[in-house]
Amino acid sequence: MGRFGSSTHQNIIEDHHGARNHASREDVIHDRKLPRLGCLFRLFKQPVHHSLTIMPVGRCFNSSGAVGWLLILLLALPLPGWSFGYADVAEQARSLSEKRFDPPAKIPKFLRELRYDELRDIRFKPEKSLWRAPGTRFDLQFFHPGGIYDYAVKINIHDSEGVHPVPFSVDNFNYGKNPIADKIPDDLGYAGFKVYFPLNRPGQQDEVVSFVGASYFRGLAKDTLYGLSARGLAIDTGLESGEEFPLFREFWIDRPSPKSTAIRIYALLDSRRITGAYRFVVFPGRTTRMNVRATLFARDKIREPGVAPLTSMFHYGENSDRPHGEWRPEVHDSDGLMLLNGNGEQLWRPLVNASRLRLSQFQLENPRGFGLLQRDRLFDHYQDLETRMEKRPSAWITPLGDWGKGYVKLTEIPTNNEFNDNIVAYWTPRKFPPPGEPFEIRYRIDWLKTFHGPATSEVINTFVGRGQKKHRQRFVIDFQPVSPHSGSSGDDIAADIWLSKRGKLIEQHVQPNPETGGWRLSFEIENASGKPLELRAFLRQGAETLSETWSYLAEAPE
């Protein structure tokens, strides 16, 4: 379809977003000096104990008996920091895939029956935070099981002395008005955990990432509030067979040093048809970056695996009618899906809360990224002092390495409130290995306020209304400012508009918008088919493309 084919571009987050490019040093964390496999060690005999001196490879091999010492070292000495790693989790996932899925044990019934407000009343005591001490940067708090969190997960700490489970204690929690502390089993366990870091200002610990419920996790950038979520894996979302929700059943967290700028988390994923090993390396900051590595082992055939899934909420926005009785202008955690394709195109798809389930696929080859963004950052467009939706983060997925052919799937589920996530976006590879063969993938998640792709001009607003006659619709799209060619007044700036065959373009018009400093495209279409229409449009000047591609699935007008 030429310009209107699979959309995107190969740009990544630039330095002006405040995030360093950690992709090339995915496993480097400045927490402790762990020995590298590329070095040899010389063992010096001491009267009471042994000590290790790190030596360059060349010096080791030039030393008498170096190979012998190396064998003794590897076979006889437990080396601090080498006791656990990603390979161990991957082996557990592989071994687990050869067994039948065993769901985790349910917590006691009285905890499962806790209502939302009752569970919220159970709060972790900040003074009980793990690792909290003067001069430290990272610390951990934990979620209490209950309500929808109906099972406990295993949480371990990995440090220089090995792997240690985190013990549960009712003393870590304030139960509020819930008279249940005396009934809590001593070995209950935790539902998940959250990581704290001085994100917004020095000396103040702020929540930066949390893992709780199935394979869900969320991240925060500087000056943002929780909104959308990510997941380890999605399976068959929106299909008639029903969705399967994999879960993280065990975590291992590397203890960072007091001056560390990142934290490393391992997770074991399990589900009826698949297992997996995950590693998350989290770099908090203005943009909070998570480098993700996953190795998956299918137990059974999976129709649609969803890799790097994002989940969000869209109730209504500027492109839809305000529900009866609602006073807020807009209610959403994300307002659009953005794609960057390997062929150099950038696409923006505004989200919709339609009256029926909508499934959209964007065929791509070696995508350079996709994400659910909250572009609208004006408080005036939400007017909600409690939820502050203008502060919800965006999440951007960047593949690390070539992902090959596949598609990004957007699922839009009807909802009549703001309390249920109804938007899902993920990558599905064209080829997924059969049971018994591993599938490995790497990517980066950036949690941030603002993401700009390489397009000269991006979409600011999308408005939709009735046309002048029956079966007609009017679309108004505002684009960011873009300068016309030197010597041009901009009169030759035009739009290319494409729509599926059952629709008809009635008229179009491009003009400057003095309120935004950008350009406004308005057009009217006719659709008497009773079926949705796929629409795409972009700005150009002559043969030069000036903007990203706006994409929309328009419901048939009544």
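Aspartate 150 is buried, with a relative accessible area of 19%, which falls under the 20% limit for that class. In this predicted model, the side chain of aspartate 150 forms a salt bridge with that of lysine 106, at 2.7 Å from N to O. Lysine 106 is exposed, at 54% relative accessibility. The whole structure holds 38 salt bridges.

**Salt bridges**

- Lysine 106 sits in the loop between helix 3 (86-97) and helix 4 (109-112), and aspartate 150 in the loop between strand 4 (139-143) and strand 5 (154-159), so this pair ties together parts 44 residues apart in sequence.
- Arginine 392 and aspartate 333 form a salt bridge whose closest N and O atoms are 2.5 Å apart.
- That pair links distant parts of the chain, 59 residues apart: arginine 392 is in the loop between strand 23 (369-373) and strand 24 (394-399), and aspartate 333 is in the loop between strand 19 (331-332) and strand 20 (336-340). Both arginine 392 and aspartate 333 are buried.
- Aspartate 402 and arginine 368 meet through their side chains in a salt bridge of 3.9 Å, N to O. Aspartate 402 lies in the loop between strand 24 and strand 25 (405-412), arginine 368 in the loop between strand 22 and strand 23, 34 residues apart.
- Aspartate 402 is exposed at 59% relative accessibility, while arginine 368 is partly exposed at 23%.
- Arg472, Arg474, Glu507, Glu524 and Glu526 are joined into one network by salt bridges that share partners.

**Strands and sheet**

- Strands 28, 29, 32 and 31 form, in that order, an open sheet with antiparallel pairing. Strand 28 (459-466) and strand 31 (504-513) are at the edges with a single partner strand each, so one side of each has no neighbour in the sheet. On average, neighbouring strands of this sheet are turned by 15° against each other, direction ignored.
- Seven bridges pair strand 28 with strand 29 (residues 472-479) in the antiparallel sense; phenylalanine 463 stands opposite valine 476 in strand 29.
- Strand 30 (residues 493-499) has alternating side chains: Ile493, Ala495, Ile497 and Leu499 point to one face and are buried, whereas Ala494, Asp496 and Trp498 point to the other and are not.
- Strand 30 runs antiparallel to strand 33 (residues 533-541), joined by seven bridges, and isoleucine 493 stands opposite glutamine 541 in strand 33.

**Other local features**

- Serine 547, in the loop between strand 34 (544-545) and strand 35 (549-554), is buried at 4% relative accessibility. A polar atom of its side chain lies 2.8 Å from the backbone nitrogen of leucine 539.
- Leu357, Leu359 and Ile413 make a nonpolar surface patch of about 220 Å². Leucine 359 belongs to strand 22 (residues 358-365) and is partly exposed, at 40% relative accessible area.

Key: Residues are numbered from 1 along each chain as its sequence is written. This is a predicted model: local features need pLDDT of at least 70, side-chain atom pairs count only at pLDDT 80 or more; totals for chains, interfaces and linings use all residues. Side-chain values use heavy atoms; hydrogens and water are left out. Buried means under 20% relative accessible area, exposed over 50%, partly exposed in between (1.4 Å probe, protein chains only). Helices (H or I, at least four residues) and strands (E, at least two) are DSSP runs, numbered from the N terminus. Two strands pair if DSSP finds at least two bridges between them. Axes are lines fitted to C-alpha atoms, for helices over the stretch in contact, and angles run from 0 to 180 degrees between N-to-C directions. A polar contact is a pair of N or O atoms within 3.5 Å; within protein, one must be able to donate a hydrogen and the other to accept it, and residues adjacent in sequence count only if both atoms are side-chain atoms. Patches are made of residues with over 30% relative accessible area and no salt bridge: like charges are joined within 9 Å, nonpolar side chains (Val, Leu, Ile, Met, Phe, Trp, Tyr) within 5 Å. Accessible areas come from the Shrake-Rupley method with a 1.4 Å probe; for residues, only the protein chains shown count as cover. A salt bridge is a side-chain nitrogen of Lys or Arg within 4 Å of a carboxyl oxygen of Asp or Glu.
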